[in-house]
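Hi there,

Here is the structure I promised to pass on. Have a look when you get a moment, and my notes are underneath.

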Amino acid sequence: MKRIIILMGVPGSGKGTQARKLVQKFDFAHISTGDLLRALDADPNGDKDDKAKLAEMKAGKLVSDDLIYKLAFTEIKKNLDAGKNVILDGAIRTVEQAKKYEDFFSSIGMSEEVIVIEISLSDETSYNRLTKRKVCPTCGFILPYSPENEMKTDCPECSEKLIIRSDDNPETIQKRIKEQGNVALQPILEYYREKGELFSVDGERDIETVDVKVVKLLS
Ligand SMILES: [Zn+2]
């Protein structure tokens, strides 16, 4: 099994859900840049320079790519060194970022350990899923849109009432799909395709079917 799994997909493709499943099944470390930034924010002993950059980001100034790389790379290396495999989803949104990650993997001798799995989905299905999915405000569980899930009101993991996220409104979703949809994704996928690291799974299928195919690619 490869040790570095990168899940790619448009919003609503289910890459977050698949990442959670893989973490449960194989004990992978799920690297989330959002979580790393929140942890830095909450850590009173965090690096002073890092915290200053974060404060600027929070003040609405430019996103500090260097800080995000530093946090992500440190966390990835820590987990790999501890013998854990790592899984990334949503961390790479530009070819430039993809190259930075590749340079990093190469610098720690891990280039051969990378597998990129695209969960493919049309922009149209992406839109439908995003405007109708529900999330748990307590544990972060995401209940994807499907005809049978539309009736469910409680989180299956912690019983909290599920909500529709406030940023899941039609205009915001249109904007997200423009920024993170298939047009934006293609150059990154092409980059990985040329390196021979890219595999694709049909994300239009239900979660369990996608899960089985992802696991097959990994084994
Ligand atoms: Zn929950």
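Below is what turned up, beginning with the metal site and ending with one of the helices.

Please keep in mind that this is a predicted model.

**The zinc site**

Four cysteine sulfurs hold the zinc ion: the SG atoms of C136, C139, C155 and C158 are its protein donors, at 2.3 to 2.4 Å. Along the chain these donors are spaced as C-x2-C-x15-C-x2-C. The angles among the four donor atoms run from 101 to 119°, and the site is tetrahedral. For reference, the ideal angle for four tetrahedral donors is 109.5 degrees.

How accessible are these cysteines? C136 has a relative accessible area of 4% and C155 one of 3%. Both values are under the 20% cut-off, so C136 counts as buried, and so does C155. C158 has a relative accessibility of 33%; that lies between the 20% and 50% limits, so C158 is classed as partly exposed. As for disulfides, searching the whole structure gives zero.

**The annotated binding site**

The UniProt record, an unreviewed entry, lists "binding site" at T33, R38, K61, L62, V63, Q97, R165 and R176. Those positions span 144 residues of sequence and are spread in space too, with C-alpha atoms up to 27.4 Å apart.

I looked at two of these positions, L62 and Q97, in some detail. Where does L62 sit? It is found in the loop that joins α3 (48–58) to α4 (65–81). L62 has a relative accessible area of 79%, and because exposed means over 50%, L62 is exposed.

Q97, by contrast, belongs to helix α5, which covers residues 95–107. Is Q97 buried or exposed? Its relative accessible area is 16%, and since buried means under 20%, Q97 is buried. Which residues does Q97 touch, leaving aside neighbours within four places in sequence? Its contacts are D65, Y69, A91 and I92.

**Helix α6**

Last comes helix α6, made up of residues 123–132. Its buried residues are T125, S126, R129, L130 and T131. What do they pack against? Their partner is α7, at residues 170–180.

If you would like to go through any of this together, just drop me a line.

Best wishes

Key
Residues are numbered from 1 along each chain as its sequence is written. This is a predicted model: local features need pLDDT of at least 70, side-chain atom pairs count only at pLDDT 80 or more; totals for chains, interfaces and linings use all residues. Side-chain values use heavy atoms; hydrogens and water are left out. Buried means under 20% relative accessible area, exposed over 50%, partly exposed in between (1.4 Å probe, protein chains only). Helices (H or I, at least four residues) and strands (E, at least two) are DSSP runs, numbered from the N terminus. Contact means heavy atoms within 4.5 Å. UniProt positions are given in the numbering used here, feature names are shortened, and annotations may be inferred rather than shown by experiment. Donors are N, O and S atoms within 2.8 Å of the metal (3.2 Å for Na, K and Ca); water is not among the atoms, so sites may look incomplete. Four donors count as tetrahedral if all angles lie between 85 and 135 degrees; four count as square planar and six as octahedral if opposite donors are over 155 degrees apart and all others between 65 and 115; anything else is irregular. A disulfide is a pair of cysteine sulfur atoms within 2.5 Å.
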